[in-house]
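Visitor: I'd like a tour of this fold, please. Could you put the structure up so we can go through it together?

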Amino acid sequence: MAETCFSTSPSGAPIAALSKGGDSTSTVRTIAISGVTFEVETTVPTKHGTFQFRAYRDLVTGSEHLAVVSGTPTDGCLVRVHSECLTGEVFESQKCECGPQLDSALNTINQYGGVVIYMRGHEGRGIGLINKLRAYRLQEAGLDTLDANLALGLPADGRDYSAAAAILHNLRLHAVRLLTNNPDKVDQLTGHGITVLERVPLTAGAHPANSAYLRTKRDRMGHLFQHAL
Ligand SMILES: [Zn+2]
């Protein structure tokens, strides 16, 4: 039976599980900023450990998101909200740090318990695979990762995390320790009713091939890195 959760109520308070079994009332639809429907949960063994995979459908974009759960998470647990990156995770591209960050996050929640929310539709900071490769072409001509997006008429970062907040509400998680270097994730989740108790840095994935990319994210996009670049 599907369970629908939304990112926030008008007051900012969580309204998780207001609607169950597809019984989304007009009131809920009116006040919802974003929502997901929980579809299925199953156990999946991986090289990082054995996790519960919980699949959600995004009611706004139609994307299928995944919550990878270790243990029985409660408020205060570690959470990573990870944006899909085909080039970095499947092909292990060294132009970004996404693959090692995902590996590190999965290893961390396997050790300490927690959740990795894997956000589909976030390729290239939300511009999609084709536009991401177009931006890479412009970077070959000397533009940095931010200016390349802008030169294509696209946002520097188009990612929206409201569905991640809705998933956290579905998991009854309202206060988390967030594994991220990106202050925008902290701000967006906070805006959708999630208390971020602590930002826990992720240091994986720095490489000579992506040092300029990481410096741009640090110097022009506000990302916070503990390690030298
Ligand atoms: Zn990436």
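**A walk through the fold**

Visitor: What share of the contacts with a separation of 6 or more comes from residues 24 or more positions apart?
Guide: Before that, a note: this is a predicted model, where local features need pLDDT of at least 70, side-chain atom pairs count only at pLDDT 80 or more, and totals for chains, interfaces and linings use all residues. Residues are numbered from 1 along each chain as its sequence is written. Two residues are in contact if their C-beta atoms, placed from the backbone, lie within 7 Å. Among contacts in the chain with a separation of 6 or more, those between residues 24 or more positions apart make up 61%.

Visitor: Over which residues is the pLDDT below 50?
Guide: pLDDT is the predictor's confidence in each residue, from 0 to 100. The chain averages 86, and 86% of the residues score at least 70. One stretch is below 50, and beyond near neighbours in sequence it has 28 contacts in the model; where pLDDT is low, the predicted coordinates should not be read in detail. That stretch is residues 9–32.

Visitor: Which helix gives the largest share of the largest nonpolar core?
Guide: A nonpolar core is a set of buried Ala, Val, Leu, Ile, Met, Phe, Trp, Tyr and Cys residues joined through C-beta atoms within 7 Å. Here the largest has 40 residues, and Val79, Val115, Ile117, Ala164, Ile167 and Leu168 touch the most other members. Helices (H or I, at least four residues) and strands (E, at least two) are DSSP runs, numbered from the N terminus. The largest share, six residues, comes from helix 7.

Visitor: How many of the nine residues of helix 7 are buried?
Guide: A residue is buried if 20 or more other C-beta atoms lie within 10 Å of its own, exposed if 12 or fewer, and partly exposed in between, with C-beta atoms placed from the backbone. The buried list for helix 7 runs through Ser162, Ala163, Ala164, Ala165, Ala166, Ile167, Leu168, His169 and Asn170. So helix 7 is largely enclosed by the rest of the structure, and its buried count is nine.

Visitor: How far apart in space are alanine 164 and methionine 119, C-alpha to C-alpha?
Guide: Alanine 164 sits in helix 7, and it counts as buried because it has 32 C-beta neighbours inside 10 Å. Not counting residues up to four places away in sequence, alanine 164 touches Val81, Ile117, Met119 and Leu189. Alanine 164 and methionine 119 are 45 residues apart in sequence, yet their C-alpha distance is 7.4 Å.

Visitor: Which residue in strand 7 stands opposite valine 69?
Guide: Strand 7 has both faces covered: Gly114, Val116 and Tyr118 are buried on one side, and Val115, Ile117 and Met119 on the other. Strands pair if DSSP finds at least two bridges between them. Strand 6 and strand 7 pair in the parallel sense over six bridges, while strand 5 runs antiparallel to strand 7 and is joined to it by five. Opposite valine 69 stands valine 115.

Visitor: Which glycine is 40 residues from proline 73 in sequence and 6.5 Å away in space?
Guide: Proline 73 is in the loop between strand 5 (64–70) and strand 6 (78–83). With 21 C-beta neighbours inside 10 Å, proline 73 counts as buried. Leaving aside neighbours within four places in sequence, its contacts are Gly113, Gly114, Val115, Leu171 and Leu173. The C-alpha to C-alpha partner at 6.5 Å is glycine 113.

Visitor: How wide an arc do the buried residues of helix 3 cover?
Guide: Those residues are Cys98, Gln101, Leu102, Ala105, Leu106, Thr108 and Ile109. The arc is that of the directions from the helix axis to the C-beta atoms. They lie on the same side of helix 3, because their arc is only 160°.

Visitor: Is arginine 172 buried or partly exposed?
Guide: Arginine 172 is in the loop between helix 7 and strand 8 (175–179). Its phi is near 60°, a positive value in a residue other than glycine; most residues other than glycine have a negative phi. With 13 C-beta neighbours inside 10 Å, arginine 172 counts as partly exposed.
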